[in-house]
Amino acid sequence: MTQSSALCGPHAPSLDLGGRTALVTGAAGGIGGACALRLAAAGAKVRAVDRDAAGLDALAERARHLAGTVEPHVLDLTDLDAAELLAAGTDVLVNNAGLQLVRPLEDFPPDVFHTVLTVMLEAPFRLIRGALPHMYAQGWGRIVNMSSVHGLRASAFKSAYVAAKHGLEGLSKTAALEGAPHGVTSNCVNPSYVRTPLVEKQIADQARAHGIPEQRVLAEVLLKDSAVQRLIEPEEVAEAVAYLCVPQASFITGTSLVLDGGWTAH
Ligand code: NAD
């Protein structure tokens, strides 16, 4: 049997990360928390990174019954040197932390633009840089970058976020090309609107920017281009991340797994 036919048996892909170390940024948030729990359920020792200490403690508590572990690491990712150091020795890296500000370009505060690019593009670069030596040495690694539909499309009033996500797509593809000879895959996961605090917090901003009441934002702004008329759940996004880590996904690299309810089919 060839190596590739051994990967394609009749069984559904299952994920066993026993003995593996994963690092998830933004783990106190909606999607990051779901990813950390999913990877810990698969047996991984998860370094859960966020600046929100209380959120990380709550996450670690939820993980107590799982096969793996969730270790809280309180860190502000604008500390790029600390981020790079923390990534050393990881087998699975999920670059997920993010923030959003909805504001027209002419009013967009330059300091916020800089922070968004630092947390959502430069920190992923430094985390990848920190993780690669161990991944290369063992000939296996998985990098999953939490992009967005906004890594592929723009929306008005989201200049920093769209710029950061488009940059992340490029970083992810470059990591895929360099990592391939070393058994390291790098991909993006691209959800549309997920039911998380990040989305809940932007409803008021969206209402102001579009000049409509808050109760019309979901239907008229967030789900306007979605064929499936609902928000995605964080657990559905985490399952896509888990899939990219199964042995059967080793040929998937340098691509973007879009979970957008048909948005970009238009
Ligand atoms: P969230 O607000 O629930 O979580 C984001 C987490 O990132 C928070 O816990 C926050 O504390 C952390 N974070 C932000 N800045 C940080 C910093 N400087 N240092 C350390 N931690 C920091 O948001 P979410 O919806 O779970 O988003 C997670 C990722 O998914 C983001 O990259 C976001 O762009 C992406 N995404 C979200 C949606 C959505 O609809 N929610 C859609 C597409 C992509």
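Leu231 is buried, with a relative accessible area of 10%, where buried denotes under 20% relative accessible area, exposed over 50% and partly exposed the range in between, computed with a 1.4 Å probe on protein chains only. The structure is a predicted model, in which local features need pLDDT of at least 70 and side-chain atom pairs count only at pLDDT 80 or more, while totals for chains, interfaces and linings use all residues. Residues are numbered from 1 along each chain as its sequence is written, and side-chain values use heavy atoms, with hydrogens and water left out.

Leu231 is found in the loop between helix 8 (217–222) and helix 9; helices (H or I, at least four residues) and strands (E, at least two) are DSSP runs numbered from the N terminus. When neighbours within four places in sequence are set aside, Leu231 is in contact (heavy atoms within 4.5 Å) with Tyr193, Val194, Arg195, Leu218 and Leu223. Its C-alpha atom is separated by 9.2 Å from that of Asp260, although the two residues are 29 residues apart along the chain.

One of the residues in contact with Leu231, Tyr193, also takes part in an aromatic pair. Rings of Phe, Tyr and Trp (its six-membered ring) are paired if their centres lie within 6.5 Å, and planes under 30 degrees apart count as stacked, over 60 as edge-to-face and the rest as tilted. By this rule the count comes to 2 aromatic pairs. In the pair of Phe108 and Phe113 the ring centres are 6.2 Å apart and the planes stand at 85°, so the arrangement is edge-to-face; Phe108 is buried, with a relative accessible area of 9%, whereas Phe113 is partly exposed, at 31%. Tyr193 and Trp263 form a stacked pair, with 5.9 Å from centre to centre and 20° between the planes. Because Tyr193 lies in the loop between strand 6 (184–191) and helix 7 (197–210), and Trp263 in the segment after strand 7 (256–259), this pair ties together parts that are 70 residues apart in sequence. Both Tyr193 and Trp263 are buried.

The largest nonpolar core, meaning a set of buried Ala, Val, Leu, Ile, Met, Phe, Trp, Tyr and Cys residues joined through side-chain atoms within 4.5 Å, has 39 residues, and those with the most contacts inside it are Leu39 and Val46. Elements that each supply at least two residues of this core include strand 1 (21–25), helix 2 (30–41), strand 2 (45–50) and helix 9 (234–243), and helix 2 gives the most, with 7 residues. Beyond its neighbours within four places in sequence, Val46 is in contact with Ala22, Val24, Ala36, Leu39, Ala40, Thr69, Val70 and Glu71. A second, separate core of 29 residues includes Ala83, Met135, Ala175 and Val184. In helix 9 the buried residues are Pro234, Val237, Ala238, Ala240, Val241 and Ala242, and their cover includes helix 2, strand 4, strand 5, strand 6 and strand 7.

The ligand is surrounded by 27 residues, each with a heavy atom within 4 Å of it, and the closest are Asp50, Asn96, Tyr161, Val194 and Thr196. Among the polar contacts (pairs of N or O atoms within 3.5 Å), an oxygen atom of the ligand is 2.9 Å from a polar backbone atom of Gly30, and an oxygen atom of the ligand is 2.5 Å from an N or O atom in the side chain of Tyr161.

Methods:
A polar contact is a pair of N or O atoms within 3.5 Å; within protein, one must be able to donate a hydrogen and the other to accept it, and residues adjacent in sequence count only if both atoms are side-chain atoms.
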